[in-house]
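This report looks at open and enclosed space, at a sheet and at the cysteines in one protein model. The sequence and the structure come before the text.

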Amino acid sequence: MAFLEIRNLGLSFDGKPVLENINLDIKEGEIVSLLGASGCGKSTTLKTVAGILKQDVGDIFIDGENINNIKTGQRGAVIVFQDYLLFPHMTVIQNIEFGMKMMKVDKSVRKEKSMKLLETVKLSGYENRYPNELSGGQQQRVSIARALAVNPKVLLLDEPFSNLDVNLRSEMRKFVSDLQKELKITTILVTHDMEEAIIMSDRIAVMIDGRIRQFDEPKKLYEKPVCREVADVFGEKNYISGYINNNIFTSDINDKILFDVSELDNNYDDPENVEIMIPKESINIIDENSYLELNSECNNEFFRGIIVDKKYAGENTFYEVESEGCILNVSQDSDRYNINDSVYFYIDKNRICIFEK
Ligand SMILES: Nc1ncnc2c1ncn2[C@@H]1O[C@H](COP(=O)(O)OP(=O)(O)OP(=O)(O)O)[C@@H](O)[C@H]1O
Ligand SMILES: [Mg+2]
């Protein structure tokens, strides 16, 4: 049995379903992200686990125990919100001690544990400051220390970094990631930032409109999304619709772009009605000389195209290549091609996915 189990969870607000048949099995010590667009139900899921909201149907188990009827403070699941919610009239140490005080933990034990946690979140010496005397990142670390003070079995982080500036955000991601690994605390992180989810998670649950569409390891999700909606969560892609006959894909646009798809996963029912997904970074642009060289020595399928747009973006350059009536978005690490250049390209087939339309 998983450490945290969510079974067939459903919840409606005013008759409108917000969570539908949510199922998650999270292992002990694992960090799982809920990733999805604004309004898809991420915070609502977290709140039902914390007991702030009650689901209409379904069950939640922590360490084998059904917690449906256990009150918020006693579930062992503690939530940290994006806006920290520290008590402004309490010092840092009083904030951290608060939960333990509610649980009637002995004063000296409280003090010792809080000081230790302050050290864990690298804020020793800040115990007597008030929240308004701390930076955003420091406040966030205090709220994490406060959550950890009650020895939660499950830590729930609701977009904890979204109020922080870019540098501080990456510092805090690393900090929380290291702390999570060190304490081996089972964690759900809510985010709508795919990079954050990829960097921080053992597994990611992609939520779309109140449902979990795919729950997998980051690399698997990124490279083998099960449907277009999931693929789009991981960045803009190229899609070409068409049909497959005898393992050959033909584009609808002009019956032209032809691919041998025999080596690709074929998880579609109707070969007459598919679309192929081509990630921007799976297209490799080459010039004529390289084409002549490569064409004679490898079996890649090559296409001709014209560069119709170019955007330099530092590490990468984004091109639009027109080929056979299609405009393909391409990301390359070289900026050597220019608008109107006539080029060749080939596609890394391992990265292509075929979806039912
Ligand atoms: N208390 C409430 N009463 C009525 N509707 C609510 C309530 N809380 C949330 N909702 C609705 O439920 C849906 C899911 O909300 P939720 O807060 O879970 O989204 P989210 O995925 O966390 O989004 P965001 O990324 O913007 O935080 C939204 O359509 C929201 O308007
Ligand atoms: Mg939310």
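## The largest pocket

Strand β6 provides the largest share of the lining of the largest pocket, namely four residues. The model is a predicted one, and the pocket in question has a computed volume of about 610 Å³. Its lining comprises 25 residues, and those that lie nearest the centre of the pocket are Gly-73, Ala-77, Val-78, Ile-79 and Val-150. Besides β6, which spans residues 77-80, the elements that give two or more residues to this lining are α2 (92-102) and α4.

Sorted by class, the lining of the largest pocket holds 16 nonpolar residues, together with seven polar and two charged ones.

## The second largest pocket

For the second largest pocket the computed volume is about 190 Å³. Its lining is made up of Met-194, Tyr-222, Phe-234, Gly-235, Glu-236, Lys-237, Pro-279, Lys-280, Glu-281, Asn-316, Phe-318 and Ser-331. Four charged residues belong to this lining, alongside five nonpolar and three polar ones.

## The enclosed cavity

With a threshold of 30 Å³ or more, the structure holds one cavity, and the volume of the largest cavity comes to about 40 Å³. The residues that line the largest cavity are Ile-144, Leu-148, Leu-155, Leu-157, Val-176, Leu-179, Gln-180, Leu-183, Ile-185 and Thr-187. By class they divide into eight nonpolar and two polar residues, with no charged residue in the lining.

Which elements each supply at least two residues of the lining of the largest cavity? They are helix α4 (136-148), strand β7 (154-158) and helix α5 (166-183), and of the contributing elements α5 gives the most, with four residues.

## An open antiparallel sheet

Five strands make up an open sheet in which the order is β15-β19-β16-β17-β18 and the pairing is antiparallel. The edges are occupied by β15 (283-286) and β18 (326-332), and because each of these has a single partner strand, one side of each is left without a neighbour in the sheet. When direction is ignored, neighbouring strands of this sheet are turned against each other by 45° on average.

At the β18 edge, the partner strand is β17, which covers residues 316-323 and is joined to β18 by seven bridges in an antiparallel arrangement. Within this pair, Val-321 of β17 stands opposite Leu-328 in β18. Two residues in the range of β17, Asn-316 and Phe-318, are also found in the lining of the second largest pocket, as is Ser-331, whose number falls within β18.

## Cysteines without disulfides

How many disulfides does a search of the whole structure find? It finds zero. Cys-40 is accordingly in no disulfide, and the nearest cysteine sulfur to its own, that of Cys-227, is 13 Å away. Cys-40 counts as buried because its relative accessibility is 4%, which is under the 20% limit for that class.

For Cys-227, the closest cysteine sulfur is the one in Cys-353, and the distance of 11 Å between the two sulfurs is too far for a bond, given that a disulfide requires the sulfur atoms to be within 2.5 Å. Cys-227 is buried as well, since its relative accessible area is 10%.

Technical notes. Residues are numbered from 1 along each chain as its sequence is written. Chains are lettered from A and ligands numbered from 1 in the order in which they are written. This is a predicted model: local features need pLDDT of at least 70, side-chain atom pairs count only at pLDDT 80 or more; totals for chains, interfaces and linings use all residues. Side-chain values use heavy atoms; hydrogens and water are left out. On a 1 Å grid over the protein atoms alone, a cavity is a set of points where a 1.4 Å probe fits but cannot get out, and a pocket is an open set with protein on both sides within 12 Å along at least five of seven lines; lining residues have an atom within 4 Å of a point. Grid points are joined across faces, edges and corners, and a volume is the space filled by probe spheres set on the points. Ala, Val, Leu, Ile, Met, Phe, Trp, Tyr, Cys and Pro count as nonpolar, Asp, Glu, Lys and Arg as charged, and the others, Gly among them, as polar. Buried means under 20% relative accessible area, exposed over 50%, partly exposed in between (1.4 Å probe, protein chains only). Two strands pair if DSSP finds at least two bridges between them. Axes are lines fitted to C-alpha atoms, for helices over the stretch in contact, and angles run from 0 to 180 degrees between N-to-C directions.
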